[in-house]
Structures are given as structure tokens and as C-alpha cells.
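Visitor: I have a model open here and want to go through its surface and charge pairs. Can we start with one side chain and work outwards?

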Amino acid sequence: MRSIWNGAISFGLVSIPIKLVNATENHSVSFRQVHAADGGRIRYRKVCELEEKEVTQSEIGKAYEDADGSMIPITDEDLAALPLPTAKTIEIVAFVPASAIDPLQMDAAYYLSANGAPAAKPYTLLREALKRSDRVAIAKFALRGRERLGMLRVVDEVIAMHGLLWPDEIREPEGVAPQTDVAVREAELDLADALMNTLGEVDLDSLHDDYREAVESMIAAKVEGGGELPEHAPAEREGGKVIDLMAALESSVRAAQEARGEGVEGPSGEEARVTPIKGRRAAASPKSSGGTKKSTSTAAKKTAAKKTVAKKTKSTSTAAKKSASRSTEKSASSAEKKPAAKKAAQRKRSSA
């Protein structure tokens, strides 16, 4: 790989000659600007505003634009005279845990290659020291006319350097977080955990740029056919709708588990169920169903008891009526017998 910078790593009193190599590359498909009417290239030309004529690169210098719009010329000699100890040196200033580096600071990545046989021993020493300490090195270096911050770490058997933004280049996230108080339930967190566990890990090497592949396929089809490709309707997305978060999480867990061929279970092992959206009539739960049955049974018992009491009352009333009737008949019979007894007694006296 072609080096973009040659210098040395300053590690205390140790100096390690190195070459800087880009660790990443851009695979994006680039386009040219053309005149839509005839396909002619659109080019940008560098024109001097005072003379209104195009100038070459060798005629172009640097200048700083002041607040009033005036230009202050800056020459290469002016920049070279500035004190820049890291102009050709990656100066290590500290060793810190990797967790101390905020990922927001991460910038471009480079590989550091030992420059020549004499550099192999100190290069290996620094690499093994970084491995054993389980820390990263913080360094300052200069590249493309400005001093930068870097982080050195070991990747396989190579020392890699990540350019870091200066702390004052990281913006504060003011006004970015939600401004309203939101309460998150434990059940929702459990489902979010279940979804995260279901999605699991991924081999980053298996991921690829689907959009770039589609663009390349479209270009290849145009080259072969020379015509316009049929337009495809964009996939409809449900946006702006208020959804039930629990239902969405449970559905996501179910879809992820089905995609992996796993059993569809909730976070606690039971089968995942979709929670009905508020405002819709939901089926009664087993608990409420049990309560309904219990209430129905109690009502039935009460009704049966009432019927029994009514039946007993009716029987008692009937028996009382029969007893009263019998007493009446007995009294009537006694009343009929008394005159007969009197007459019999009178007859007996007369005969005497």
C-alpha cells in the first residue's frame, strides 16, 4: 500500500521510523455533473475575480478572510516558520484505557508500518507493550498543515492510529434529547431486552452495501441495454401513526424468532402475546373470565336458595291451611254432637 506520510513515533527516548498508510477506502459510486440536455460534462474552473480569467494551480496561494471581507495572504514560508514539533513526529503523550476515548472523537484510521529493518525491533516492542498493558496510546501529530490528535492501538500484528477530534470540536447535545418526561415500564424494558437477545450478534463481514450494489446493477443494465429502467414503487412505510409500544415490541420479538426458527416466547418464557391497543375492546383475560364464572355461580346459588325458601314457605302455608281446615271440621262435628247429647240426657230423665 502506498504511504501518505513518512515520519517517526516518539516513544520516550525511543524513535521508531514509520510510514503512514490509509487503513480505509471509499467504495461509494461517484457521479459526474453533466448538462441534462445533451450530456456534456459540467466542469468547475478557477477564475480570478479581479481579472476575470482562469488561473492554473501553480498561481493559487492561501489567504485568511478577515471579518470585514479583506484577504490576508498566508505563504508556505509563514506556515513553515510556525513552531510545530510534530511536523514529522507522532509524539506519544500518554497511555489510557480504551474506554476513556469517546467514540464521537474517532476520525480517519491509518496503519503504521515500520520503515526499514532497524525500525522492526522498537516497533515490535511498542506493539507488545500496548498488548500487555491493554491500553491505547494518545499522541499528537501533524498532517496536511495542521496538528492533530491520535490514538494508537494494536490491530492483529499491526499498530493502527485513529485520528481524534479535539475535545472542543465535539458539540454538546443540547436540545437533542426528548424534552418531555417519559415513563418506561419494566415490562417494556423486558421486551426490549428480549428483542436485543433474539437479534443477537452479527458477523460484520457478512454485512454489505445493498444500495451500492443496486446502483452498480442499474449502471450495468444501462450500459448493456442503453435504455431507462422501469421505475419501482417505493415500499410503503407506516409513519406518523401512534402505535402500542408493547404490541410493537412483542411483534418484533416474534418476527425475529420466526426468522431464526426459534420458538416464539416472551421474556419470561411464556408465549408472546400482542397487547391490545388502548381504546379497543379486548377479550376478557383468564382472571376476569374466572371472576365472571364465580359471580354467575354465586348468583345461581342465591336464586336456588330463594326458590327453596319460597317452596318451603309455600309448603308451610299449605300445611297450616290443612290444619286449620281440620280444626274447623272437628269443631263443627263437636258442635253437632252437643245438642244430640243434651236430647239423649233429657230423654233419660223423663223415662226415670
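Guide: Start with phenylalanine 31, and keep in mind that this is a predicted model. Phenylalanine 31 counts as exposed because its relative accessibility is 63%, and the cut-off for exposed is over 50%.

Visitor: Where does phenylalanine 31 lie in the chain?

Guide: Phenylalanine 31 is in the loop that runs between strand 2 (14–22) and strand 3 (47–48).

Visitor: Which residues form a nonpolar patch with Phe31?

Guide: Ile219 and Val223 do. Together with Phe31 they have about 330 Å² of accessible area on the surface.

Visitor: OK, charges now. How many salt bridges does a search of the whole structure find?

Guide: The search finds 11 salt bridges. One of them is between the side chains of arginine 45 and glutamate 54, at 3.5 Å from N to O.

Visitor: Are arginine 45 and glutamate 54 buried or exposed?

Guide: Arginine 45 is exposed, with a relative accessible area of 57%. Glutamate 54 counts as partly exposed, at 48% relative accessibility.

Visitor: What about helix 4, which salt bridge lies there?

Guide: Arginine 212 pairs with glutamate 216, and their closest N and O atoms are 3.2 Å apart. Both lie in helix 4 (residues 210–225), with their positions 4 residues apart, about one turn of the helix. Arginine 212 is partly exposed at 21% relative accessibility, and glutamate 216 is also partly exposed, at 38%.

Visitor: And which salt bridges share partners?

Guide: Salt bridges with shared partners join Arg127, Glu128, Lys131 and Glu157 into one network. Within it, glutamate 157 and arginine 127 form a salt bridge, with 3.6 Å between the closest N and O atoms.

Visitor: Why does that pair tie together separate parts?

Guide: Glutamate 157 is in the loop between strand 10 (146–155) and strand 11 (158–164), while arginine 127 is in helix 2 (residues 120–133), so the pair ties together parts that are 30 residues apart in sequence.

Visitor: Is arginine 127 buried or exposed?

Guide: Arginine 127 counts as buried, at 13% relative accessibility. Its partner glutamate 157 is partly exposed, with a relative accessible area of 44%.

Visitor: Last topic, pockets. What volume does the largest one have, and which residues line it?

Guide: The largest pocket has a volume of about 240 Å³. Its lining is Lys46, Val47, Cys48, Glu49, Val55, Glu59, Ile60, Gly61 and Met71.

Visitor: How does that lining split by class?

Guide: The lining has 5 nonpolar, 1 polar and 3 charged residues.

How values were computed. Residues numbered from 1 in each chain as written. Predicted model: local features only at pLDDT ≥ 70, side-chain atom pairs only at ≥ 80, totals over all residues. Heavy atoms only, no water. 1 Å grid on protein atoms, 1.4 Å probe; cavity = no way out; pocket = protein on both sides within 12 Å on 5 of 7 lines; lining within 4 Å. Points joined across faces, edges and corners; volume = space filled by probe spheres on them. Nonpolar A, V, L, I, M, F, W, Y, C, P; charged D, E, K, R; others polar. Patch = residues over 30% accessible without salt bridge, like charges linked within 9 Å, V, L, I, M, F, W, Y side chains within 5 Å. Areas by Shrake-Rupley, 256 points an atom, 1.4 Å probe, with all protein chains shown as cover. Salt bridge = Lys/Arg side-chain N within 4 Å of Asp/Glu carboxyl O. Helix = DSSP H or I, 4+ residues; strand = E, 2+ residues; numbered from the N terminus. Buried < 20%, exposed > 50% of the residue type's maximum accessible area, 1.4 Å probe, protein only.
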